[in-house]
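Trainee: I am new to this structure. I would like a close look at one part of it, with the surroundings filled in.

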Amino acid sequence: LIYLVTLTGNTLIMLVIRADSHLHNPMYFFLFHLSFVDLCYSSVTVPKMLTDFLSEQNTISFNGCIAQMFFIVFSASTEVFTLSAMAYDRYVAICDPLRYAATMKKGTCVLLEAGAWTSGLLDGLVCTVIVLQLQFCGPNQIHHFSCEPPPLLQLSCTESLKEQLVLLASAVVLGLSSFLFTLISYVLIISTVLRIRSAEGRRKAFNTCSSHLTVVGLLYLTAFFQYTKPSSVSSVVLDELVSIQYSILTPMLNPIIYSLQNKEVKKALGRMLGKLRFRSGA
């Protein structure tokens with residue numbers, strides 16, 4: 001059911017953005033790509049998990065596991081950098097509105113999103129190359145519902161300190177840079193909004209980024225808990241629950257958040273449904 005909601009919600013968001021000319025602007029260009037990444041992210045893990053659940057054979061080939069890990073890292077990194085691009089778009093819209101059209105022109109948006117996909121691809125390749133250098137000669141049972149770098153490192157029978165350091169450096173450089181970029185954008189946005197004299201003006205300015213802020217908060221709070229929790233509270237079940245949160249629930253919640261909090265998306269959905277009813281009635 002969650003997977004069907006994820007597929008339906010993200011596909012609907014993408015169709016609405018493509019079909020409605022009112023949504024052909026930078027903010028919804030990035031939202032289109034975010035929905036597509038969420039579809040990819042969820043489709044990497046959920047179908048295999050459902051197959052295992054129905055067949056009661058929780059197995060995956062080595063090559064299949066490596067491929068799944070690559071696409072998980074690829075999708076996750078691309079989503080994080082897409083959210084950073086969206087934060088920059090909101091920063092320009094609120095802090096420098098007079099030059100918004102000149103700054104966020106189509107070429108700039110394409111470059112930002114291409115950078116997000118390229119960063120995700122590089123991160124996925126780095127993780128894949130590192131894991132392929134490991135040797136697996138012991139137990140072959142992953143205490144996780146999907147193939148991700150940390151549980152695979154735990155299965156390795158070779159000394160993996162160097163590989164762990166490289167993976168950690170990759171996660172810190174890419175994850176922290178994206179987080180800091182998003183954080184700085186919102187610090188500047190909030191300082192600009194607070195300088196607006198009228199309460200109505202502050203409310204309108206905040207409403208333009210409330211959906212994105214909710215999605216970013218949901219993602220980073222989960223990641224913050226995962227990587228800062230003390231070892232005393234670490235467990236296989238808890239790690240799996242956190243992983244389910246950001247790999248399954250977040251892709252499902254993103255289109256719901258954007259459709260519920262964004263008036264333009266709700267109006268576009270209404271216009272599209274109205275056209276469908278008119279055509280069916282005719």
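Trainee: First, what percentage of the 282 residues in the chain do buried residues make up? Then please take me through helix α3 and what lies around α3.

Mentor: This is a predicted model, where local features need pLDDT of at least 70 and side-chain atom pairs count only at pLDDT 80 or more, while totals for chains, interfaces and linings use all residues. Residues are numbered from 1 along each chain as its sequence is written, and side-chain values use heavy atoms, with hydrogens and water left out.

Your first answer is 43% of the 282 residues. Buried means under 20% relative accessible area, exposed means over 50%, and partly exposed is in between (1.4 Å probe, protein chains only). The chain exposes about 15700 Å², of which carbon and sulfur atoms supply 68%. These areas come from the Shrake-Rupley method with a 1.4 Å probe, and for residues only the protein chains shown count as cover.

Now the layout. The chain has 11 helices and zero strands. Both are DSSP runs numbered from the N terminus: helices are H or I with at least four residues, strands are E with at least two. Contact means heavy atoms within 4.5 Å. Take the contacts with a separation of 6 or more: 76% of them join residues 24 or more positions apart.

Here is α3. It has 34 residues. From first C-alpha to last, α3 reaches 49 Å, close to the 50 Å expected at 1.5 Å a residue. That expected span is 1.5 Å times one less than the number of residues. α3 is mostly covered, with 24 of its 34 residues buried.

Start with Ser-77, which is found in helix α3. Ser-77 has a relative accessible area of 9%, so it is buried. Set aside its neighbours within four places in sequence, and Ser-77 is in contact with Gly-120 and Asp-123. Ser-77 and Gly-120 are 43 residues apart along the chain, yet their C-alpha atoms are separated by 4.5 Å.

Next come the aromatic rings. Rings of Phe, Tyr and Trp (its six-membered ring) pair if their centres lie within 6.5 Å; planes under 30 degrees apart count as stacked, over 60 as edge-to-face and the rest as tilted. The count comes to seven aromatic pairs. One of them is Phe-36 with Trp-117, a tilted pair at 6.0 Å centre to centre and 50 degrees between the planes. Phe-36 sits in helix α2 and Trp-117 in helix α5 (residues 106-132), 81 residues apart. Phe-36 is partly exposed at 35%. Trp-117 is partly exposed too, at 23%.

Trp-117 also pairs with Phe-74. Their ring centres are 5.7 Å apart and their planes at 75 degrees, so this pair is edge-to-face. Phe-74 lies in α3 and Trp-117 in α5, so the pair ties together parts that are 43 residues apart in sequence. Phe-74 has a relative accessible area of 15%, so Phe-74 is buried. Phe-36, Phe-70, Phe-71, Phe-74 and Trp-117 form one aromatic cluster.

Now look at the nonpolar cores. Such a core is a set of buried Ala, Val, Leu, Ile, Met, Phe, Trp, Tyr and Cys residues joined through side-chain atoms within 4.5 Å. The largest has 28 residues; Ile-17, Tyr-28, Leu-31, Leu-83 and Met-86 touch the most other members. α3 (62-95) is among the helices that each supply at least two residues of this core, as are α1 (2-19), α2 (26-55), α9 (210-228), α10 (236-261) and α11 (263-281). The largest share, seven residues, comes from α2. Apart from that core lies another, of eight residues, among them Cys-65, Met-69, Val-131 and Leu-152.

Helix α7 (residues 161-194) holds Tyr-186. Tyr-186 counts as buried at 6% relative accessibility. Leaving aside its neighbours within four places in sequence, Tyr-186 is in contact with Ala-87, Arg-90, Cys-209, His-212 and Leu-213. Tyr-186 and Tyr-91 are 95 residues apart in sequence but 7.1 Å apart C-alpha to C-alpha.

Finish with the cysteines. Cys-95 is partly exposed, with a relative accessible area of 25%. Cys-109 is buried at 3%. A search of the whole structure finds zero disulfides, a disulfide being a pair of cysteine sulfur atoms within 2.5 Å.
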